[in-house]
Amino acid sequence: MQAWQVHENGEPSEVMRLADVEQPTPGDGQVLLKVRAANINFPDVLMCRGHYQVRPPLPFTPGVEICGETEDGRRVIANPALPYGGFAQYAVADAAALLPAPDSLDDAEAAALHIGYQTGWFALHRRAGLEAGETLLVHAAAGGVGSAAVQLGKAADATVIGVVGGPEKAAVARELGCDVVIDRRTEDVVAAVKEATGGRGADVVFDPVGGDAYTQSTKVVAFEGRIVVIGFASGTIPTPALNHALVKNYSILGLHWGLYNTKNPKLVQHCHEQLVDLAARGAVKPLISERVPLADAAAAVQRVGDGVTTGRVVVVPEGTEVAA
C-alpha cells in the first residue's frame, strides 16, 4: 500500500515521503481500516516538526483523524494508532474507540467532525459553561478548530465574534455565521471587541493561537469571563499574569481534549452523540475547503502549518470518496 512516512523531524513538505510499504497488522484490540478520508490537523504538523507532546517512533505515518471503512463495510470515525496514521491507504485503530460516521455527512466531512468539533464542544460546554445569550470570542475563526467553535457557539445561541487575518478569511467567518468579524490585520482587535460589546467584553474566549491573541483576550474578557486555552498556533506560549486574572475576576481554563479518551471516554461518546444530532439538524457542518489526493498530502500539511488555509483540508485516497 502507499503511505506517507516521516523519517526525520522537520517541515512537513521536506520530511514527509510517499512510499510503498507493508499493510499494517492490527495488534490486540485493534482493527484494520481502509482510509476513506483523512483530515489534516495542526498536531500533524507539530509531529512532523517533533514539537508535539506525542512523539511516535520514526519512521511514522502522520494523520490523527480519519473516516475509515471496516472489513464488514461500516463507515467509522477513528483516531489511528500511531505510527500507522491516516495519510495512507490503510490504518489501524483501537476497536473500542471507533465512532459511527454520521449518515448526514460525506467521508471528508465525517473525518473532520471529530477532533476539532470535540475540542470545541468540550471547550465551550464542559470547560467554559457557555450559556445562551453570552458573547463568544473566537480567535482564528476561519481555521479548522475555530470554524467548529463558531458553529457550536451559534448552535448554543451565543453571539459570536470572530477574529481572522485577511479579507478572504473574513468572508469565510461571515459565511460560518459570525455576528461580528474582526480582521486583525487592519483593525484594532481590542477596540473592535469593546465596541461590539458596548464595553462589556466577551464572556468566553476560545484561543487556539496564543501569543498576541492571548494578550488581546485578557484585555477584552468580561467580568467573570472565561478564557479557554486550546493551543499555540502562533508558536508563542503566553505567560499569564495571575494578578491580572485576580483583579479583573476572570478564569483561565486549559483544554487537552485527548486526555478525555483515557480519563473519561464516556464523555467522548456523549459528545459524539451531541455532534451527530447537530449535524443531522444542519446546525453544524464541517467546512471543507480542499479535498486533495494522497499524492498531494505533504504539500497540504505544509499549507496548514503555514496558516494559509481556511476550514479543513482533507486527504482523500483516490477512488474512495463516496458521498453520504
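Across the whole of this predicted model, a search for aromatic pairs returns 2 of them. In one pair, the ring centres of W121 and F122 stand 5.3 Å apart with their planes at 75°, so the arrangement is edge-to-face. Both partners are buried, W121 with a relative accessible area of 12% and F122 with a relative accessible area of 0%. The other pair joins F122 to Y260 in a tilted arrangement, with 4.2 Å from centre to centre and 40° between the planes. Because F122 belongs to helix 4 (residues 115-127) and Y260 to helix 10 (residues 260-263), this pair ties together parts of the chain that are 138 residues apart in sequence. Y260 also counts as buried, at 15% relative accessibility, and the ring pairs link W121, F122 and Y260 into a cluster.

F122 has a further role in the packing picture, since the largest nonpolar core holds 86 residues and, of these, F122 and L136 touch the most other members. When its neighbours within four places in sequence are set aside, F122 is in contact with R127, L255, W257, Y260, L267, V268 and C271. Apart from this core lies another, of 17 residues, which includes V193, A202, I227 and Y250. As a general background to such cores, nonpolar side chains in soluble globular proteins tend to be buried together.

Charged side chains provide another set of links. The structure holds 13 salt bridges, and the table gives three of them with the separation between nitrogen and oxygen.

| Salt bridge | N to O distance | Relative accessibility |
|---|---|---|
| E8 and R17 | 2.6 Å | E8 32%, R17 38% |
| D106 and R291 | 3.1 Å | D106 11%, R291 39% |
| E109 and K285 | 3.0 Å | E109 8%, K285 43% |

In the bridge between E8 and R17, E8 counts as partly exposed, and R17 counts as partly exposed as well. The side chains of D106 and R291 also meet in a salt bridge. D106 lies in the loop between strand 7 (99-100) and helix 3 (107-111), while R291 lies in strand 14 (residues 288-292), so this pair ties together parts that are 185 residues apart in sequence. Here D106 is buried, whereas R291 counts as partly exposed.

E109 and K285 likewise bring their side chains together in a salt bridge. With E109 in helix 3 and K285 in the loop between helix 11 (265-280) and strand 14, the pair ties together parts that are 176 residues apart in sequence. E109 is buried, and its partner K285 counts as partly exposed. Elsewhere, salt bridges that share partners join R36, E69, R75 and D107 into one network.

Two helices can be described through their buried residues. Helix 5 (residues 144-155) has 12 residues, which at 1.5 Å a residue should span 16 Å, and the 17 Å between its end C-alpha atoms agrees with that expectation. Because 9 of the 12 residues of helix 5 are buried, the helix is largely enclosed by the rest of the structure. The buried residues of helix 5 are G144, G146, S147, A148, A149, V150, Q151, L152 and G153. After helix 5 comes D157, whose phi is positive, near 65°.

In helix 2 (residues 42-49), the buried residues are D44, V45, L46, M47 and C48. What do the buried residues of helix 2 pack against? Their partners are strand 1 (2-6), helix 1 (12-15), strand 2 (16-20), strand 3 (30-39) and helix 12 (297-306). Just after helix 2, G50 takes a positive phi of about 80°.

Methods: Residues are numbered from 1 along each chain as its sequence is written. This is a predicted model: local features need pLDDT of at least 70, side-chain atom pairs count only at pLDDT 80 or more; totals for chains, interfaces and linings use all residues. Side-chain values use heavy atoms; hydrogens and water are left out. Rings of Phe, Tyr and Trp (its six-membered ring) pair if their centres lie within 6.5 Å; planes under 30 degrees apart count as stacked, over 60 as edge-to-face and the rest as tilted. Buried means under 20% relative accessible area, exposed over 50%, partly exposed in between (1.4 Å probe, protein chains only). Helices (H or I, at least four residues) and strands (E, at least two) are DSSP runs, numbered from the N terminus. A salt bridge is a side-chain nitrogen of Lys or Arg within 4 Å of a carboxyl oxygen of Asp or Glu. A nonpolar core is a set of buried Ala, Val, Leu, Ile, Met, Phe, Trp, Tyr and Cys residues joined through side-chain atoms within 4.5 Å. Contact means heavy atoms within 4.5 Å. The expected span of a helix is 1.5 Å times one less than its number of residues.
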